[in-house]
Amino acid sequence: MQKLKSQPDKQGHFGPYGGMFVPETLMSALQELTAEYDRARKDSKFKRELDYYLREYAGRPTRLYFAERLTRELGGAKIYLKREDMLHTGAHKINNCLGQVLLARRLGKRRIIAETGAGQHGVATATVAAMFGMECVIYMGEVDMARQALNVYRMRLLGSKVVGVSAGQRTLKEAISEAMRDWTTNVRTTHYILGSALGSHPYPMMVRDFQSCIGREARRQILAKEGRLPDAIVACVGGGSNSIGIFHPFLADKKVQLIGVEAGGRGIRPGDHAARFAGGSLGVLQGTRTYVLQNTDGQIELTHSVSAGLDYAAVGPEHAWLRDLKRIEYTYATDDEALRAFRFLAEKEGIIPALESAHAVAHTMKLAPKMKKRQIVIINLSGRGDKDVQQVAEIVKL
Ligand SMILES: *Cc1c(COP(=O)(O)O)cnc(C)c1O
């Protein structure tokens, strides 16, 4: 294996992936953001400020919980859950939003915009914008607005404006395009809080850094509880932020197996899934070069997953690079497997996971029984399932 480089080059390349595929009008904004982020991360005052809000407002550190009953039921490795579901707003997304809103403040920008699919990133962004007294506009596809009416109302309660996007499929991809258009027009006053380790440089690197608190804590916590590192870490991969956040601080620990789980949907056929590494190919989408679900003409394919947060045609570029280097393995779980895992964790541990996180639980249900009892697995429980209960109730009758 080549030596692992944890930083991209100056244009944001992770090997052949990543980069800055944006219109000229956005280049200066991205360069300004890159330069300010570079200053901020070396500034102990910024770090203290971010740590303060992560602790006092978001609720860090999150617990590393030994899932005793899940472990017993599966009959293999010891399973720990990294409880990102316990954070304010119910998922890991607040980690990144707090980092970026503090950066926006340093840049003197008083207006925040963001895209959202299911609404989780929109709610986390609206939350930090309210707390810092900033104007906030969230772009959301009209189809998603209808599916996630409660989150739309939540964002409005938090004082944000939610703008429906009626182009194309009227879902996440179109919402990102609209947010980029807004940014192009209002770049002097506005910061765009992108929600995952995706898009143009510096976002994949910056979002990863803001989410790496997950892995740093997990490392410290497992050493304190077990006196050694885990044998495997499992996380779901949408754009790739919760997974890269827990994986990154373990990259140099070669004996720790890192496994990313994508959305297998109804099966690996065009239009039925969102497993970019199982059915995708190299392409460019919304600012970055990476694995993309596309047809042979380069048209973006439809995607499907029972979990809206994993339902996107591209994966973060650093994941593509770490897969080439064989440092992270990628697999997928289907809708049915995720739904079974959703119920299993609820029944065995009294924890209802987000449907996204249930994909990581589903893979662990296959993996742990094949491991030895003295081995250890950590699941990154990226979010809680309250938001998904109504949807599951329509699929699963109890
Ligand atoms: C958004 C979301 C995801 C997927 O996004 P990543 O950037 O891949 O982490 C996963 N889990 C939850 C709970 C989410 O809200």
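**Group meeting: a mixed sheet and the helices around it**

In this predicted model, A232 of strand β9 stands opposite Q257 in β10. I shall begin from that pair of residues and work outwards.

Strand β9 covers residues 232-236, and its pairing with β10 is parallel, over five bridges. Between these two strands the chain runs through helix α11, residues 241-247, and the resulting β-α-β crossover is right-handed.

Let us remain with β10, which spans residues 257-265. How many of its nine residues are buried? Eight of them are, and the strand is thus described as mostly covered. β10 also pairs with strand β13, residues 328-334, again in the parallel sense, this time over seven bridges. Two residue pairs may help you to find this register on the screen: L258 has I328 of β13 as its bridge partner, and V261 stands opposite T331.

I now turn to the whole sheet. Six strands make up this open sheet, in the order β3-β4-β14-β9-β10-β13, and the pairing is mixed. Which strands stand at the edges? They are β3, residues 64-66, and β13; each has a single partner strand, so one side of each is left without a neighbour in the sheet. On average, and with direction ignored, neighbouring strands are turned by 25° against each other.

Helix α14, residues 335-349, packs on this sheet. The helix touches β3, β4, β10, β13 and β14, and its direction makes about 90° with that of β13. For orientation, β4 is residues 78-83 and β14 is residues 376-381.

Next, a pair of helices. In general, the packing of two helices is described by the angle between their axes and the distance between those axes. Helix α1, residues 24-41, and helix α9, residues 203-211, pack at an angle of about 30°, with the axes 11 Å apart. Angles under 35 degrees count as roughly parallel, and α1 and α9 are therefore placed in that class. The crossing of α1 past α9 is left-handed. On the α1 side, the contact is made by L30, L33, Y37 and R41; α9 contributes Y203, M205, M206, D209 and F210.

Finally, I would draw attention to a single residue, A149, which lies in helix α7, residues 149-157. Is A149 buried, exposed or partly exposed? Its relative accessibility is 46%, and A149 therefore counts as partly exposed. A149 and G119 are 30 residues apart along the chain, and their C-alpha atoms are separated by 9.1 Å.

Key: Residues are numbered from 1 along each chain as its sequence is written. This is a predicted model: local features need pLDDT of at least 70, side-chain atom pairs count only at pLDDT 80 or more; totals for chains, interfaces and linings use all residues. Side-chain values use heavy atoms; hydrogens and water are left out. Buried means under 20% relative accessible area, exposed over 50%, partly exposed in between (1.4 Å probe, protein chains only). Helices (H or I, at least four residues) and strands (E, at least two) are DSSP runs, numbered from the N terminus. Two strands pair if DSSP finds at least two bridges between them. A crossover is right-handed if, with the strands pointing away from the viewer, the path from the first strand over the helix to the second runs clockwise. Axes are lines fitted to C-alpha atoms, for helices over the stretch in contact, and angles run from 0 to 180 degrees between N-to-C directions. Angles under 35 degrees count as roughly parallel, over 145 as roughly antiparallel, 65 to 115 as roughly perpendicular and the rest as oblique. A crossing is left-handed if the near helix is turned anticlockwise from the far one by less than a right angle, and right-handed if clockwise. Contact means heavy atoms within 4.5 Å.
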